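Student: Hi! Could you walk me through this structure with me? I'd like to begin with the surroundings of a single residue.

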Amino acid sequence: MFVIAGLGNPGKEFENTRHNIGFRVIDDIAKKYQIAMLERKHKAVIGKGYIDGQKVILVKPLTYMNLSGESIREVTDYYKVDVTTQLVVVSDDISLDVGQLRIRKKGSAGGHNGLKNIILHLGSENFMRIRMGVSDKPQGYDLKDYVLGHFTDGEIKVLSETSEKAEQAIRMILQGDVDGAMNRYNTKKGKGPGHETPES
């Protein structure tokens with residue numbers, strides 16, 4: 001069993017914002033694999049289903065981004081999963097351009113408040129995460145306003161392809177090939193989505 005959690009903020013006013021790209025990935029996966037996101041428990045919206053024969057719990061925390069760890073900890077405790085090998089967290093990342101993603105087996109929060117709270121509640125940095133590029137804020141923009149803002153029309157066209165890449169990476173992770181997913185989908189900063197460079 002795997003817990004796949006996408007980070008974001010609940011509420012219509014936050015739909016399709018940069019900070020909610022984790023929710024977007026979970027919604028796309030749920031739709032593709034016909035997993036109903038109907039249960040509300042553990043401070044989250046939850047869906048249970050299968051991807052390539054592997055049981056998954058899809059999670060969208062309802063705690064708001066900065067308290068994501070409260071929900072993730074409840075879910076992982078309840079389902080008794082090993083967070084180092086059975087938890088995948090999908091979040092936004094301003095250090096990556098739109099169209100890029102980066103997979104890690106562990107690591108620091110990198111300034112991301114949602115990841116920071118998860119690390120706090122789990123007491124560990126050792127969990128897999130997929131960081132989705134939303135591009136850095138333009139000069140003069142407030143960071144909070146930027147990440148709670150919406151994508152441009154041009155960026156929206158790229159998002160479907162990027163979300164699909166994240167889903168394919170998750171499929172590889174579910175089959176135990178985390179290194180393969182990293183080698184195939186990780187991109188270095190400054191490289192566009194069409195110029196992928198494998199990175200460990």
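Tutor: Happy to, and keep in mind that this is a predicted model. Leaving aside neighbours within four places in sequence, Tyr64 is in contact with Gly8, Asn9, Pro10 and Phe14.

Student: Where is Tyr64 placed?

Tutor: Tyr64 belongs to the loop between β4 (54–61) and α2 (68–78). Its C-alpha atom is separated by 6.4 Å from that of Pro10, although the two residues are 54 residues apart along the chain.

Student: Is Tyr64 buried, exposed or partly exposed?

Tutor: Tyr64 counts as partly exposed, because its relative accessibility is 43%, and that class runs between 20% and 50%.

Student: How many aromatic pairs does the structure hold?

Tutor: There are two aromatic pairs. In one of them, the rings of Phe14 and Tyr64 have centres 6.2 Å apart and planes at 80°, so the pair is edge-to-face. This pair links distant parts of the chain, 50 residues apart: Phe14 is in the loop between β1 (2–6) and α1, and Tyr64 is in the loop between β4 and α2. Phe14 is buried, at 15% relative accessible area.

Student: And what about the rings of Tyr78 and Tyr79?

Tutor: Those rings are edge-to-face as well, because their planes lie at 85°, with the centres 4.9 Å apart. Tyr78 is partly exposed at 48%, whereas Tyr79 is buried at 14%.

Student: Changing topic: which charged end sits over the ring of Phe127?

Tutor: That would be Arg129, with its charged end 4.2 Å from the ring centre. Lys60 lies over the face of Phe23, at 5.0 Å from the ring centre.

Student: Now pockets. What volume does the largest pocket have?

Tutor: About 580 Å³. It is lined by 27 residues, and the closest to its centre are His19, Asp92, Gly111, His112 and Asn113. The lining divides into 10 nonpolar, 10 polar and seven charged residues.

Student: Which element gives the most to that lining?

Tutor: Helix α5 does, with three residues. Among the elements that each supply at least two are β5 (87–93) and α4 (113–122).

Student: And the second largest pocket, what is its volume?

Tutor: The second largest pocket has a volume of about 270 Å³. Of its 13 lining residues, Glu15, Asn20, Phe23, Asp27 and Lys60 lie nearest its centre, and you'll remember Lys60 lying over the face of Phe23. Helix α1 (residues 21–32) gives the largest share of this lining, three residues. By type, the lining has four nonpolar, four polar and five charged residues.

How values were computed: Residues numbered from 1 in each chain as written. Predicted model: local features only at pLDDT ≥ 70, side-chain atom pairs only at ≥ 80, totals over all residues. Heavy atoms only, no water. 1 Å grid on protein atoms, 1.4 Å probe; cavity = no way out; pocket = protein on both sides within 12 Å on 5 of 7 lines; lining within 4 Å. Points joined across faces, edges and corners; volume = space filled by probe spheres on them. Helix = DSSP H or I, 4+ residues; strand = E, 2+ residues; numbered from the N terminus. Nonpolar A, V, L, I, M, F, W, Y, C, P; charged D, E, K, R; others polar. Buried < 20%, exposed > 50% of the residue type's maximum accessible area, 1.4 Å probe, protein only. Contact = heavy atoms within 4.5 Å. Phe/Tyr/Trp six-rings, centres within 6.5 Å; stacked < 30°, edge-to-face > 60°. Lys NZ or Arg CZ within 6 Å of the ring centre and 35° of its normal.
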